[in-house]
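Dear colleague,

Please find below the structure that I am handing over to you. My notes on its pockets, cores, aromatic pairs and cavities follow it.

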Amino acid sequence: MLTFSSFIKKVRDILLYLLLFVSGISYHPTIIRMSHLAGYESGTILSRYIVLLFGIVLLLSLNGNAFKHSQLVKKYTIWLLVIFVVGLMPLAFFNNMKMITEIRTFLIILGAILIGYDFRFAEKKKTFLILAFCLPTLYSGLIQVLVNIGGFQIMDQYLADSKNSLGAMLATTCFSLFYLFCTSTHRTYRVILFLLTMLALAIIITIRARMAMLSLFLVVIFYYYLLKRNSNFIISLVVLGVVAFFAVLLLPDSMFNYLESSFTAGSQSEDISSGRFETYGEALYYLSFHPFLGNIQRKNQISWVHNYLLLKLYDYGILFSWPIITLYFVIIIRSVKKSFRFHPKSVECYGVVCLLIPYLISIAEPTFPFGPGTVTVFNFVLLGVAERSFMMEPTKRFGEVEAAANMS
């Protein structure tokens with residue numbers, strides 16, 4: 001018999017799938033073009049519905065269990081309060097409320113973790129959750145390539161809409177499809193997943209989301225290490241490296257140039273960092289004279305610093321940026337540690353490894369890993385999903401996965 005509680009959870013799950021679907025489809029070029037015509041300078045015509053869906057799903061997910069049992073949620077909440085209190089000081093003394101306005105971004109991430117924590121992650125639901133995000137994101141990226149760029153060709157100019165945000169979502173999509181490929185036992189399903197993974201990779205290369213591509217490569221290498229760490233990882237990595245080396249040498253010139261042009265086409269051939277190194281130098285130079293307050297008084301004007309940690313230091317100085325930087329490291333260090341404790345094919349490992357993508361992108365982008373907007377919500381929903389499973393005994397969980405693998 002369907003109880004009221006189970007009915008609410010089914011509604012919550014359906015709305016969560018819809019939220020992820022709308023988030024991915026919002027990067028479709030038609031949606032973006034309609035948004036420009038409607039006068040939207042940021043977001044799209046779907047943004048209000050994304051916010052509404054997120055709010056409803058969050059309300060249906062709140063039950064207090066995460067605050068009682070999850071160490072991550074407890075620590076995150078404490079640091080969020082610390083950031084708010086510290087953020088009041090720049091407002092009071094320098095009339096700078098920028099740090100207070102950032103609280104909204106951190107609250108979105110907390111909400112995503114709570115949503116994931118309350119999600120019951122059965123095997124069937126796992127596939128629905130991942131594909132609800134991956135397929136619309138992949139479709140939006142493909143249509144952008146076909147419409148904005150005109151096909152799979154490298155152009156001198158960046159033609160993809162919201163390239164960096166879309167690139168990050170596509171990198172998460174590519175890794176998620178690769179994860180499903182690694183955990184699936186159905187041959188036909190694996191072939192389809194492999195082709196979709198290669199399509200996602202081709203789109204990332206074509207739109208020239210370079211940091212997303214690099215982050216995806218590093219995450220796949222790390223995940224491969226987790227898969228092989230109990231066997232001859234070094235030997236297999238060397239063999240793969242040699243095979244990859246000769247494979248690159250044997251590539252047709254057109255394909256090799258395609259990959260190279262993705263990084264160096266157009267004006268980027270002279271400065272592959274797109275001016276980032278210059279702004280890094282300017283920010284570090286200014287911080288050398290104002291390490292404690294940074295640019296809290298907004299006396300210095302430079303281009304946006306495309307590195308999350310450096311941007312926070314530059315904006316708020318050591319005195320006010322320390323709680324944000326601490327929260328940044330608390331989450332990622334804890335996640336990396338957890339990734340070693342579980343079987344690499346388990347949802348726990350997948351959830352925390354997937355979080356590495358926006359974190360790596362944050363090295364060259366100013367809003368990641370906590371934004372922009374809802375771009376990284378799926379990654380933190382997965383972290384919440386993994387967090388709930390962390391309550392189980394790690395060795396027991398590892399044994400369960402091994403037993404299931406042996407049975408299949």
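How much space lies in the largest pocket? The model is a predicted one, and in this model the largest pocket holds about 1300 Å³ of space. Its lining is made up of 32 residues, and those that lie nearest the centre of the pocket are Met-198, Leu-201, Phe-217, Val-220 and Ala-244. Two or more lining residues come from each of helix H9 (163–183), helix H10 (187–207), helix H11 (210–228), helix H12 (233–250) and helix H13 (253–264). Helix H12 gives the most, with eight residues. As to character, the lining of the largest pocket has 29 nonpolar residues, two polar ones and one charged one.

The second largest pocket has a volume of about 1000 Å³. Here 40 residues form the lining, with Ser-42, Gly-43, Pro-372, Gly-373 and Thr-374 nearest the centre. At least two lining residues are supplied by each of helix H2 (29–37), helix H3 (47–61), helix H6 (98–101), helix H7 (103–117), helix H9 and helix H15 (308–339). The lining of this second pocket divides into 15 nonpolar, 17 polar and eight charged residues. Helix H9 thus appears in the lining of the largest pocket and in that of the second largest pocket.

I turn next to the nonpolar cores. The largest of them contains 106 residues, and within it Ile-331 and Val-353 touch the most other members. Helix H9 gives the most to this core, with eleven residues. Which residues does Ile-331 touch, not counting residues up to four places away in sequence? They are Leu-72, Tyr-76, Leu-355, Tyr-359, Phe-370, Phe-380 and Leu-383. There is also a second, separate core of nine residues, among them Tyr-280, Ala-283, Leu-311 and Tyr-314.

The aromatic residues deserve a section of their own. The structure holds 23 aromatic pairs. One of them, between Phe-175 and Tyr-223, is edge-to-face, with 5.3 Å centre to centre and 90° between the planes. This pair links distant parts of the chain, as Phe-175 belongs to helix H9 and Tyr-223 to helix H11, 48 residues apart. Phe-175 and Tyr-223 are buried. Another pair, formed by Tyr-179 and Tyr-350, is stacked: the rings are 4.2 Å apart centre to centre, with 10° between the planes. Distant parts of the chain are linked here too, with Tyr-179 in helix H9 and Tyr-350 in helix H16 (residues 347–354), 171 residues apart. Tyr-179 and Tyr-350 are both buried. In addition, one aromatic cluster is formed by Phe-106, Tyr-308, Tyr-328, Phe-329, Tyr-359, Phe-370 and Phe-380. Of these cluster members, Tyr-359, Phe-370 and Phe-380 are also touched by Ile-331.

A single residue of helix H7, Ile-115, may serve as a worked example. Is Ile-115 buried or exposed? Ile-115 counts as buried because its relative accessibility is 0%, whereas the cut-off for a buried residue is under 20%. Leaving aside neighbours within four places in sequence, Ile-115 is in contact with Leu-16, Phe-54, Val-57, Leu-58 and Ser-61. The C-alpha atoms of Ile-115 and Ser-6 are separated by 16 Å, and the two residues are 109 residues apart along the chain.

Finally, I come to the cavities. How many cavities of 30 Å³ or more does a search of the whole structure find? The search finds two. The largest cavity has a volume of about 50 Å³. Its lining consists of Ser-61, Leu-62, Asn-63, Gly-64, Asn-65, Ala-66, Phe-67, Leu-114, Tyr-117 and Asp-118. Helix H4 (65–69) and helix H7 each supply at least two of these residues, and helix H4 gives the most, with three. Five of the lining residues are nonpolar, four are polar and one is charged. Ser-61 lines this cavity and is also in contact with Ile-115.

For the second largest cavity the volume is about 50 Å³. It is lined by Ile-149, Gln-153, Met-155, Gln-157, Tyr-158, Leu-159, Ala-160, Thr-206, Ile-207 and Arg-208. This lining divides into six nonpolar residues, three polar ones and one charged one.

With kind regards

Methods
Residues numbered from 1 in each chain as written. Predicted model: local features only at pLDDT ≥ 70, side-chain atom pairs only at ≥ 80, totals over all residues. Heavy atoms only, no water. 1 Å grid on protein atoms, 1.4 Å probe; cavity = no way out; pocket = protein on both sides within 12 Å on 5 of 7 lines; lining within 4 Å. Points joined across faces, edges and corners; volume = space filled by probe spheres on them. Helix = DSSP H or I, 4+ residues; strand = E, 2+ residues; numbered from the N terminus. Nonpolar A, V, L, I, M, F, W, Y, C, P; charged D, E, K, R; others polar. Core = buried A, V, L, I, M, F, W, Y, C linked by side-chain atoms within 4.5 Å. Buried < 20%, exposed > 50% of the residue type's maximum accessible area, 1.4 Å probe, protein only. Contact = heavy atoms within 4.5 Å. Phe/Tyr/Trp six-rings, centres within 6.5 Å; stacked < 30°, edge-to-face > 60°.
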